Amino acid sequence: MSRLMRINTREKTFTFEEPSKELASLGGRALTSRIVLKEVPPTCHPLSKENKLIIAPGLLSGTAAANSGRISVGAKSPLTGGIKESNSGGLASQKLSKLGIKAIVLEDKPEDGGFSLIVINKDTVEILPADEYAGLGNKEIMKRLWQKYGKRRGVISIGPAGEQRLTAASIHFADPNGRPGRAAGRGGLGAVMGSKGIKAIVIDDTGTGKIPLVDPEAFKKANQRWVEILRSHPVTSQALPAYGTAVLINILNEAGGLPTKNFRAGRFEHAQAISGEHMAELIEARGGKTKEGCHPGCVIQCSNVYCDGEGKVLTSGFEYETIWAMGANTTIKELDDVARLDALCDDIGLDTIETGCALAVAMDGGLLPWGDGKAAIDLVKKVATGDPIGKIIGNGAAFTGRALGVDRIPVVKGQGLPAYDPRAVKGVGVTYCTSPMGADHTAGYAVAPNILKVGGDVDPLRKEGNVDVSKNLQVATAAVDSTGLCLFVAFAVLDTEDGVQTIVDLLNAQYGLSLTPTDVVNLGISILKDEREFNTKAGFTKAHDRLPDFFKEPLPPHNTTWDLTDDELQQAVQYS
Ligand code: SF4
């Protein structure tokens, strides 16, 4: 049976423990959120010794199930003050599962302010001084750790933003090429890792065998069907591999839902210049890669490698949300500048959505001109050096707004809004308001039925039907986040009759269970209940489930406003 590994970051000691019956059947987000609810005092300071950082592979991670190598990171968030689960690709999830580690739980807090490196392999766990790595960016530390411990090791690290405990700090995961382009970005969890004094974790699964499967034949059969489902849907087999998630720039712009100039309009006049189609052309011409998996076994491959004009790698994992955050949102139209900002955020360890929102708020506050990519790059570089202006940006949009006296701050529960204007994509607006995570598109991706017409067709400009859409997707997402499956599988699952059943078949074959799709729904509901319980105990009320008032302004081109009432929104969090 997989075990929990607890690390006392003050004493620099570790223990392994058998999970309780309550935790034994949980993985990924279900596990991180349950441990946070049971073990973290809801009113504690997120950077105090009472908080815990939990890193948990999904239930299917480490098996041959396609797209099952995602990992969940959970804690009380220093950005929102509520519970947080942030999800990432990279190599760590599959390796932890193969080592029989159900979760790493970082506890307590060092008193000396120094940093440690944790090295985990089949036979030993070492907690070593990491002074030689302190201050390094994620790119360099991953390079050095691969040089020292071997290529293709799992590496989890923080950059200077996490070391400074800034609330937009992310945690990075080495991808199959040792690049830091994969991140648990949202909610400032890099600051929690920094507060625990952990600079990096190296995971070496050399010598481990295959994950035990109760019914290998049934698993193989279910996985064949699973791959078939993913390879036959147009979004997962064509659009995402060809253009990456940036295919959404033109789609959202056309729909009038691409937030532009700090959420003043739904269309950006230079959308084409930052589009996925243009990005793919540049990648092709410059010798990058349009298709890459963030972990072995991904059959969708939405990731990429983007080079500059000289063919030198600028960034990897260049995604829609980042391109929007640094592009349309700030009106920067040069894709190379946007790519440089992405690379800087990956290296410094910053959430690109939060940083893009902070930059736009800073532009509103007159700190730098609209659309000035070079000024934005200079500003983000200041986060790494500890400059006071850099600390402001590195603490996210709400903090930047307060520091600069700006009243147009696009956050819910303190977290910056992602790349879909809630007035033109109302289903995702309901998710922003009511997710326990704060504004988070991944928590209930209603863009699918609103804009892409996947899994249904609900008018994005009217409120009717969108509460139910968001509620159902939030439940399904919480469950998917527990399996280790990448969220993009949802496009194919929602449109395929036996999609959910096939995931259930994989779980049943691996663990010898007899789950039904209803059990999966119930799992999703129980996770959301855990998360809302934590937030309620931390002091959240329905007053926190709201968008800022400026979303009552009409949004061009459709001139729709945010018109859902508090009572209507609360229906999204009523579970029978
Ligand atoms: S589809 Fe994209 S995000 Fe999902 S597992 Fe593959 S590379 Fe990672």
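**View 1. Lys 333 and Glu 334 pair up side by side in this predicted model.** Lys 333 is partly exposed, with a relative accessible area of 35%. Its partner Glu 334 is partly exposed too, at a relative accessible area of 33%. Between the two, a salt bridge brings the closest N and O atoms to 3.6 Å apart. As a reminder for this and the later views, side chains of opposite charge can pair when their charged atoms come close.

**View 2. Lys 122 and Asp 123 meet in a salt bridge.** Here the N to O distance between the side chains is 3.6 Å. Lys 122 has 45% relative accessibility, so this residue counts as partly exposed. Asp 123 reaches 64%, which puts this residue over the 50% cut-off, so Asp 123 counts as exposed.

**View 3. Lys 453 reaches Asp 457.** The salt bridge between Lys 453 and Asp 457 has its closest N and O atoms 2.9 Å apart. Lys 453 is partly exposed at 38% relative accessibility, whereas Asp 457 is exposed at 59%. Elsewhere, Arg 6, Glu 17, Glu 39, Lys 52 and Glu 107 are joined into one network by salt bridges that share partners. The count of salt bridges for the model comes to 41.

**View 4. Arg 423 sits buried in a loop.** The loop in question runs between strand S17 (415-416) and helix H17. Is Arg 423 buried or exposed? With a relative accessibility of 1%, Arg 423 falls under the 20% cut-off and therefore counts as buried. Its side chain has polar partners here: the side chain of Asp 421 makes a polar contact with the side chain of Arg 423 at 2.8 Å, and the backbone oxygen of Glu 553 lies 3.0 Å from a polar atom of the Arg 423 side chain. Beyond its neighbours within four places in sequence, Arg 423 is in contact with a set of residues including Phe 263, Pro 460, Leu 461, Phe 550, Phe 551 and Trp 562.

**View 5. Helix H17 is mostly covered.** Follow the chain along residues 426-434 and you will find that nine of the nine residues of H17 are buried. Among them are Lys 426, Val 428, Val 430, Tyr 432 and Cys 433. What covers these buried residues? The cover includes strand S16 (411-412), along with helices H18 (447-452), H19 (466-483), H22 (517-538) and H23 (566-570).

**View 6. Trp 324 and Tyr 420 stand out in the largest nonpolar core.** This core holds 107 residues, and Trp 324 and Tyr 420 are the ones that touch the most other members. Looking at Trp 324 itself, and not counting residues up to four places away in sequence, its contacts include Ile 249, Leu 258, Pro 259, Phe 263, Ile 353, Leu 417 and Ala 419. Apart from this core lies another, of 44 residues, with Ile 71, Val 73, Ala 75 and Ile 198 among them.

**View 7. Cysteines and a histidine are closest to the ligand.** The ligand is surrounded by 14 residues, and the closest are Cys 294, His 295, Cys 298, Cys 302 and Cys 486. How does this shell divide by residue character? Six of the surrounding residues are nonpolar, five are polar and three are charged.

Methods:
Residues numbered from 1 in each chain as written. Predicted model: local features only at pLDDT ≥ 70, side-chain atom pairs only at ≥ 80, totals over all residues. Heavy atoms only, no water. Near = heavy atom within 4 Å. Nonpolar A, V, L, I, M, F, W, Y, C, P; charged D, E, K, R; others polar. Buried < 20%, exposed > 50% of the residue type's maximum accessible area, 1.4 Å probe, protein only. Helix = DSSP H or I, 4+ residues; strand = E, 2+ residues; numbered from the N terminus. Contact = heavy atoms within 4.5 Å. Polar contact = N/O pair within 3.5 Å; in protein donor to acceptor, adjacent residues only side chain to side chain. Salt bridge = Lys/Arg side-chain N within 4 Å of Asp/Glu carboxyl O. Core = buried A, V, L, I, M, F, W, Y, C linked by side-chain atoms within 4.5 Å.
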